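Colleague: Hi! Could you walk me through this model? I'm new to reading structures.

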Amino acid sequence: MHSGRTIILLILFILPVCLKVTAQEESLSMRYYDRAQHQRDIADDLYAKKGATPQDIAKGIDLLKATIRFLDSIPVFELAEGNIYLKGRTHDVYMDLARAYSIANKKDLAFDALEKMYGSGVFSSTASYLERDSGYMAIRSDPRFVSFINKIKRTGDLYSNTALKTPYKENLSNEEKVAGLSLLWMEARANFVYFDRLKTDWNKTYLDYLTLVNNTKNTADYYKVLMRFYAELHDGHTNVYPPKELTNDFYSRPPVRALLIDGRVFVAEVFSDSLKKTGIIPGLEITKIDGEPVIAYAEKNIRPYQSSSTPQDLEIREYYYALFSGPADKPVNLEFKDRKGRVFSKVVSRRGYHDVRYLPSVSYQTIGDIGYLQVNEFETNAVVKQVDSLFKNQIMNTKGLIIDVRNNGGGSSGIGYNIIRKLTDKPFKTSASKVIKYYSRPGTETQWAINETGEWQPDGKIFYDKPVIVLTGPRTFSAAEDFVVAFDYMKRGKLVGQATGGSTGQPYGFTLPGGGSARVCSKRDSYPDGKEFVGIGIQPDIVVAPTAEDLQNGTDAAKEKALALLQK
């Protein structure tokens, strides 16, 4: 980052040529990026420092102009066509140049630099930066400045869908409904990175859903149609979310989770002691919901609205996460069968539990001389502090380590990489990725901006060199899969359990009419060597899946297998 002044957003550059970027070229691109950033820093120290002389400002301007010539040179310019970060430096250097000219009170040259900045690509957040940074004070009273700011804001309003941010109503107008569906179609068409896997015609799907949205009678039904529409893209990071006013109607559920095992549905977890006292415990088979056979109920009421990347991801969303979801004021009637074949029913409230205890973010125990570390989320920096403390005070004394990310739905990839840093004394690779650079005209191919594979350095202070096994499953998702990719690629230890959810990437979010929102997966990730795992799942070295008997007996077969391997 460049002292708070760098504005890095993923935007679509309309580019005339498709370049195949090799790893060597990509590494060179980032070196050029670093060079341009370094020159910006030096120039900033010259023209923007307190008490800068006219000579200092002139030197800073000359250095920025030299940086522009460097970025415009043929080899750098060509590499920038395949690297969005290097491409964005031209915008930022022109912005710096306008600032330096403003400080020098050379207004015409400042506005010339701003226009060239605008021509290199528009960032909607640039307007607010120009309005508040004191470096542009000399040109703010000029009518050209107001005109320029308004030009940027008009572009920003276009892409932030300002006019489409209508408030919630019980029933939206037909115009709003069509606009929301059209926005979903357009944003996916521009940004979605997995159309090559889609077996249907997205444009035809859009036409089919136009009739469906126009036939909805209220906003709740409308959003159900939108959720089904994006589920057609079969991606776990491409979703529609209803307005907050409908949250209780869509997402209320009792603190019970279920799993589909060998064609039967079983209670997997109960997070409320008061609910357990009613007889609802892990291992019970669920046979009916609201009087309907459970699988038929799930296929009709749950599955169509789940955006998922893989069969295992869809199954988990359908049965583990969403099976009991519904209106808060409507209890769910569940029919159970115990291991002795006794059938009984319970009417279960979806809300109102005061003793709910979900899994902690991090838990740890030592089993013999083996450490067992559960990391159930990568959402908060508190996880980093907890794990660091555990390594320093306990884990380093063990002879082997199990890291369990079976319940980890993701968060920030960096939190997971911070763990891996402690498992090696060498740099390690992280996922390779690419985004759509230019969505082509008919008859040409989609073009990609390919980002360099990441590389992280070892911790340097903590190096755990004992054997390590990672437990995975279909609830291992998103940033947790980034963690597993890096661990697997470095061949640090075995993966035990089940295939991961098979979905990661950087979603692009936007709002919808009526107060809802959506996101589209806009970054395509793979192993550092290009091996695909999104839409597939990361496969374990040793497959261990839970059984009904495991649930009934409280057995964790994958954990026991890992312990046996490490204790050999």
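Modeller: Happy to; we can talk through some helix pairs and then a few loop residues.

Colleague: Is this model predicted or something else, and what does that change?

Modeller: This is a predicted model, and local features are described only where pLDDT is at least 70.

Colleague: Good to know. How do people describe two packed helices?

Modeller: They give the angle between the two axes and the distance between those axes.

Colleague: Okay, so at what angle do helix 9 and helix 11 pack, and how far apart are their axes?

Modeller: Helix 9 covers residues 174-191 and helix 11 covers residues 219-231; the angle is about 15° and the axes are 11 Å apart. Angles under 35 degrees count as roughly parallel, so helix 9 is roughly parallel to helix 11.

Colleague: And which hand does the crossing of helix 9 and helix 11 have, left or right?

Modeller: The crossing of helix 9 and helix 11 is right-handed.

Colleague: Which residues meet there?

Modeller: From helix 9 you have E176, K177, G180, L181, L184, W185, E187 and A188, and they meet Y222, L226, F229 and Y230 in helix 11. By class, the residues of this contact between helix 9 and helix 11 are 8 nonpolar, 1 polar and 3 charged.

Colleague: I see gaps of three or four in those numbers. Why would residues spaced like that point the same way?

Modeller: An α-helix has 3.6 residues a turn, so residues three or four places apart point the same way.

Colleague: Nice. How many residues of helix 11 are buried?

Modeller: 10 of its 13 residues are buried, so helix 11 is largely enclosed by the rest of the structure. The buried residues are T219, A220, Y222, Y223, V225, L226, M227, F229, Y230 and A231.

Colleague: What covers the buried residues of helix 11?

Modeller: The cover includes helix 9, helix 10 (202-214), strand 1 (239-241), helix 12 (247-251), strand 17 (507-511) and strand 18 (517-521).

Colleague: And how does the length of helix 11 compare with what it should span?

Modeller: At 1.5 Å a residue, the 13 residues of helix 11 should span 18 Å, and the end C-alpha atoms are 18 Å apart, which agrees.

Colleague: You mentioned helix 10. Which residues are buried in that one?

Modeller: In helix 10 the buried ones are W202, T205, Y206, Y209, L210 and V213. Helix 9 and helix 11 are among what covers them. Helix 10 has 13 residues and reaches 19 Å from its first C-alpha to its last, close to the 18 Å expected.

Colleague: Let's switch. What about helix 4 and helix 5, at what angle do they pack?

Modeller: Helix 4 (residues 84-103) and helix 5 (residues 107-119) pack at about 165°, with axes 8 Å apart. Angles over 145 degrees count as roughly antiparallel, so helix 4 is roughly antiparallel to helix 5. Their crossing is left-handed.

Colleague: Who makes that contact?

Modeller: Helix 4 brings H91, Y94, M95, L97, A98, Y101 and S102, while helix 5 brings L109, A110, A113, L114, K116 and M117. The residues of the contact between helix 4 and helix 5 divide into 10 nonpolar, 2 polar and 1 charged.

Colleague: Now loops! Where does D235 lie?

Modeller: D235 lies in the loop between helix 11 and strand 1.

Colleague: Buried or exposed?

Modeller: D235 counts as buried, because its relative accessibility is 2% and buried means under 20%. Leaving aside neighbours within four places in sequence, D235 is in contact with F192, Y194, S307, S308, S309, S503 and C521.

Colleague: What's the phi of H234?

Modeller: Phi of H234 is near 55°, a positive value in a residue other than glycine. H234 sits in the loop between helix 11 and strand 1.

Colleague: What sign does phi have in most residues other than glycine?

Modeller: Most of them have a negative phi. D290 also has a positive phi, about 50°, although it is not a glycine. D290 lies in the loop between strand 4 (285-289) and strand 5 (292-293), and at 33% relative accessibility D290 counts as partly exposed.

Colleague: Last one: which residues does D142 contact, apart from its neighbours within four places in sequence?

Modeller: D142 is in contact with K107 and F111. D142 is found in the loop between helix 7 (137-140) and helix 8 (143-159), and D142 is buried, with a relative accessible area of 13%.

Key
Residues numbered from 1 in each chain as written. Predicted model: local features only at pLDDT ≥ 70, side-chain atom pairs only at ≥ 80, totals over all residues. Heavy atoms only, no water. Axes fitted to C-alpha atoms, helices over the stretch in contact; angles between N-to-C directions. Helix = DSSP H or I, 4+ residues; strand = E, 2+ residues; numbered from the N terminus. Parallel < 35°, antiparallel > 145°, perpendicular 65-115°, else oblique. Left-handed = near helix turned anticlockwise from the far one by under 90°. Contact = heavy atoms within 4.5 Å. Nonpolar A, V, L, I, M, F, W, Y, C, P; charged D, E, K, R; others polar. Expected span 1.5 Å × (residues − 1). Buried < 20%, exposed > 50% of the residue type's maximum accessible area, 1.4 Å probe, protein only.
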